[in-house]
Amino acid sequence: MTTTPSHSSPLTRIAAPEGVAPSPHYSHVVLGTGRFVAVSGQCALDERGEVVGEGDPAAQARQVFENLRRCLAAAGATFDDVVKLTYFVTDVAHLPAVREARDAVIPADRLPASSAVEVSALFRPELLVEIEAFAVIAG
C-alpha cells in the first residue's frame, strides 16, 4: 500500500490497497478531514455559456478543467484538494484527451479517486465531456 500525503490539504492517497491492482490513472482511495466541497458537473462552456471546442474532445477537456479550477477557487480549494473526479463522456475514446487535460493540472503523485462513465448524450448535443469534482479542504 502506497500513501501520498497532500501538499496543501489534509489528504492521504492510497494508490493501490493490498490485493487491488494499481492504476496509473487514479488513486483507489483518498481520505481526509476538513470541509467537503462538491462541484457540479462542468462542461466546455465559456463565461457566456457558449461551447468551447465543438467536436474537439481535447479542447473541451481543457475548458472543463479550467471551469473546475474556477469553481474550486470560489470555494477556497485547488486541484490538490480534490478527492474524487467523475468523468461523463459521450465516447470512451475521449478519455485520453481528458487524462491529458487532467495531467496538466494535477501531478501524478496527487491523483484523486475517479470514475469514468460513457453516456449516450449530455444536456447539449455538441458537448462531449462533463466532469464533477469532490474536494476536502482544511477546516
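I started at the front end of this predicted model. Over residues 1-7 the pLDDT stays under 50. I still looked for contacts beyond four places in sequence there, and the model has 20 of them for that stretch. Then I checked the whole protein chain: its pLDDT averages 93, and 94% of the residues score at least 70.

Next, the nonpolar core. Which residues have the most contacts inside the largest one? I found Phe-65, Leu-68, Leu-85, Val-98 and Ile-131, in a core of 29 residues. Then I noted which elements give two or more residues to this core: β4 (35-42), α1 (57-74), β5 (82-89), α2 (95-103) and β7 (129-137). Apart from it I came across another core, of five residues, with Leu-11, Val-30, Val-83 and Ala-113 among them.

I picked Leu-85 for a closer look. Leaving aside neighbours within four places in sequence, Leu-85 has contacts that include Phe-65, Arg-102, Ile-106, Pro-112 and Ile-131.

On to aromatic pairs; I counted two in the structure. In one of them, Phe-65 and Phe-79 have ring centres 6.0 Å apart and planes at 50°, so I wrote this pair down as tilted. Phe-65 sits in helix α1 and Phe-79 in the loop between α1 and β5, so the pair ties together parts 14 residues apart in sequence. Buried or exposed? Phe-65 is buried, at 2% relative accessible area, and Phe-79 counts as buried at 9%.

Last, I looked up Thr-12, which is in strand β2 (residues 11-14). Thr-12 counts as partly exposed, because its relative accessibility is 27% and the partly exposed range starts at 20%. I also checked Thr-12 against Gly-34: they are 22 residues apart in sequence and 12 Å apart in space, C-alpha to C-alpha.

Technical notes
Residues numbered from 1 in each chain as written. Predicted model: local features only at pLDDT ≥ 70, side-chain atom pairs only at ≥ 80, totals over all residues. Heavy atoms only, no water. Helix = DSSP H or I, 4+ residues; strand = E, 2+ residues; numbered from the N terminus. Buried < 20%, exposed > 50% of the residue type's maximum accessible area, 1.4 Å probe, protein only. pLDDT = per-residue confidence, 0-100. Contact = heavy atoms within 4.5 Å. Core = buried A, V, L, I, M, F, W, Y, C linked by side-chain atoms within 4.5 Å. Phe/Tyr/Trp six-rings, centres within 6.5 Å; stacked < 30°, edge-to-face > 60°.
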